[in-house]
Amino acid sequence: MDGITAADPSSLVDETTGGLGELFGAGTAGAIPDGRGKGTVLLGTGGGAARVAAALCYALAWRGKVVNARAARLKNIVTPLRIQAIEAAVYKQDSWYDGETCIVLDYSKTSFVARKVRDEIREIAPGVFLGLVFWGRRHVLDFALDFRQRR
């Protein structure tokens with residue numbers, strides 16, 4: 001994890017899946033975040049391909065999440081038009097990754113298109129969350145959410 005700063009989500013793009021797993025394991029469930037979190041897709045491969053994928057994904061597809069902690073719900077921010085869609089229930093539960101407590105973003109009962117998706121997040125720095133994406137029970141992708149910037 002050389003040169004990686006948990007407080008800077010963009011630095012996580014260069015991290016490998018193993019390094020991201022270490023950061024997730026060291027993170028805390030803490031309070032459910034509230035508000036808009038800027039998203040960064042993390043391939044876990046490091047290098048130029050991961051940087052290009054993160055930039056393209058942000059520009060064209062996924063921008064982050066808007067969480068309503070009080071309602072225990074969130075919506076993803078998608079497309080350059082920043083449409084809020086694809087709702088999830090938000091709650092704490094043991095992680096499928098390591099069995100420790102995490103914040104679960106559960107699409108199984110709220111979204112037809114994403115019903116097989118479960119995200120797990122933990123805070124790795126104040127206002128910065130690292131997330132794991134599961135398809136079924138298979139870990140397929142990682143992401144970061146930065147709630148420090150209110151927009």
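The questions and answers below cover salt bridges, a surface patch and pockets in a predicted model.

User: How many salt bridges does the structure hold?
Analyst: Side chains of opposite charge can pair when their charged atoms come close. Pairs of this kind, with a Lys or Arg nitrogen within 4 Å of a carboxyl oxygen of Asp or Glu, are salt bridges. The number in this structure is 6.

User: Which residue forms a salt bridge with Arg51?
Analyst: The closest N and O atoms of the pair are 2.4 Å apart, and the cut-off is 4 Å. The partner of Arg51 is Asp14.

User: How many residues apart in sequence are the parts that Arg51 and Asp14 tie together?
Analyst: Arg51 lies in helix α2, residues 47-60. Asp14 lies in the segment before α1 (17-26), so the pair ties together parts whose separation in sequence is 37 residues.

User: Is Arg51 buried or exposed, or partly exposed?
Analyst: Buried means under 20% relative accessible area and exposed means over 50%. Arg51 has a relative accessible area of 44%. Its partner Asp14 has 38% and is partly exposed. Arg51 is likewise partly exposed.

User: Which strands hold Lys65 and Asp119?
Analyst: Lys65 forms a salt bridge with Asp119, with 3.2 Å between the closest N and O atoms. The pair ties together parts that are 54 residues apart in sequence, because Lys65 lies in one strand, residues 62-68, and Asp119 in another, residues 117-125. These strands are β2 for Lys65 and β6 for Asp119.

User: Are Lys65 and Asp119 buried or exposed?
Analyst: A residue under 20% relative accessible area counts as buried. Lys65 has a relative accessible area of 3%, and Asp119 has 3%. Lys65 is buried, and Asp119 is buried.

User: In the salt bridge of Asp146 with Arg148, which residue is partly exposed?
Analyst: The closest N and O atoms of Asp146 and Arg148 are 2.8 Å apart. Asp146 is buried, at 6% relative accessible area. At 42%, the partly exposed residue is Arg148.

User: What accessible area does the nonpolar patch of Val52, Leu56 and Leu60 have together?
Analyst: Leu60 is found in helix α2 and counts as exposed, at 58% relative accessibility. Leu60 forms the surface patch with Val52 and Leu56, and their accessible area together is about 300 Å².

User: Which element gives the largest share of the lining of the largest pocket?
Analyst: The largest pocket holds about 310 Å³ of space and is lined by 17 residues. The elements that give two or more residues to this lining are β2, β3 (73-78), β6, β7 (128-135) and β8 (138-146). The largest share, 3 residues, comes from β8.

User: How many charged residues are in the lining of the largest pocket?
Analyst: Among the residues nearest the centre of this pocket are Lys65 and Asp119, which form a salt bridge with each other. By class, the lining has 13 nonpolar residues and 1 polar residue, and the number of charged residues is 3.

User: Which element gives the largest share of the lining of the second largest pocket?
Analyst: The second largest pocket has a volume of about 210 Å³. Of its 14 lining residues, the closest to the centre are Pro9, Ser10, Lys38, Gly39 and Thr40. At least two lining residues come from each of β1 (35-42) and α2. The largest share, 4 residues, comes from α2.

Conventions
Residues are numbered from 1 along each chain as its sequence is written. This is a predicted model: local features need pLDDT of at least 70, side-chain atom pairs count only at pLDDT 80 or more; totals for chains, interfaces and linings use all residues. Side-chain values use heavy atoms; hydrogens and water are left out. A salt bridge is a side-chain nitrogen of Lys or Arg within 4 Å of a carboxyl oxygen of Asp or Glu. Buried means under 20% relative accessible area, exposed over 50%, partly exposed in between (1.4 Å probe, protein chains only). Patches are made of residues with over 30% relative accessible area and no salt bridge: like charges are joined within 9 Å, nonpolar side chains (Val, Leu, Ile, Met, Phe, Trp, Tyr) within 5 Å. Accessible areas come from the Shrake-Rupley method with a 1.4 Å probe; for residues, only the protein chains shown count as cover. On a 1 Å grid over the protein atoms alone, a cavity is a set of points where a 1.4 Å probe fits but cannot get out, and a pocket is an open set with protein on both sides within 12 Å along at least five of seven lines; lining residues have an atom within 4 Å of a point. Grid points are joined across faces, edges and corners, and a volume is the space filled by probe spheres set on the points. Ala, Val, Leu, Ile, Met, Phe, Trp, Tyr, Cys and Pro count as nonpolar, Asp, Glu, Lys and Arg as charged, and the others, Gly among them, as polar.
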